[in-house]
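I opened the notebook to record what I looked up in this structure, entry by entry, before planning any further reading.

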Amino acid sequence: TLAMVFVRNATQLIVIRVIQGCSGFVMLTGLYVWSLEYTPYRLRNSVSVFTGCFWIFGGLTINALGYFTMEWQYIPVQVAIFILILTIPLMFVPESPRFNLIMGNEAEAKKTLARLAKILGKSFSFDKVTILFEER
């Protein structure tokens, strides 16, 4: 996104936009799937709709930034700051328990479940629990 500040011709713009489109697709679908990993099965449809609403809000926000910005080169900087602010909390979220089980790391899955239980205000020990993962 910040690379667009230095664009001086249409060819550079097209190349950067293609790269951004591909990386954005991978990032957004990855975040979507990752968020569903933490969602209970019965709530996944609701979370999908809720996530879609945030994507729409993000698109409207970017359009509003573009409308109120006089120089187009500043729009990528504003978007980059917005993305950075939204990405910082992701550094503190652990891998999903399901992912840890798929990778064969039961101890890490238990740690994640214990952490989530603590966040939810529940007291539960996973020390004597064996977690099994079966593929469907």
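The entries below cover confidence, a surface patch and two residues.

**Entry 1, confidence.** I noted at the outset that this is a predicted model, and I looked up its confidence before anything else. The mean pLDDT of the protein is 79, with 95% of its residues at 70 or more. I then went through the elements and found that confidence is lowest in α1, where the mean is 76, and highest in α5, where it is 85. I keep a caution beside these values: where pLDDT is low, the predicted coordinates should not be read in detail.

**Entry 2, nonpolar patch.** On the surface I looked up a nonpolar patch of about 720 Å², which is made by Met 27, Leu 28, Phe 50, Phe 54, Trp 55, Phe 57 and Ile 83. The elements that give two or more residues to this patch are α1, residues 10-37, and α2, residues 44-68. The largest share, 4 residues, comes from α2.

**Entry 3, Trp 55.** I picked out one of the patch residues, Trp 55, which is found in helix α2. Its relative accessibility is 45%, so I entered Trp 55 as partly exposed, the range for that class lying between 20% and 50%.

**Entry 4, Lys 110.** Is Lys 110 buried or exposed? I located Lys 110 in helix α5, which spans residues 106-119, and I recorded the residue as buried because its relative accessibility is 17%, where the cut-off for buried is under 20%. Leaving out residues up to four places away in sequence, I listed Phe 126, Asp 127, Val 129 and Ile 131 as the residues that Lys 110 touches.

Notes
Residues numbered from 1 in each chain as written. Predicted model: local features only at pLDDT ≥ 70, side-chain atom pairs only at ≥ 80, totals over all residues. Heavy atoms only, no water. Buried < 20%, exposed > 50% of the residue type's maximum accessible area, 1.4 Å probe, protein only. Contact = heavy atoms within 4.5 Å. Patch = residues over 30% accessible without salt bridge, like charges linked within 9 Å, V, L, I, M, F, W, Y side chains within 5 Å. Areas by Shrake-Rupley, 256 points an atom, 1.4 Å probe, with all protein chains shown as cover. Salt bridge = Lys/Arg side-chain N within 4 Å of Asp/Glu carboxyl O. pLDDT = per-residue confidence, 0-100.
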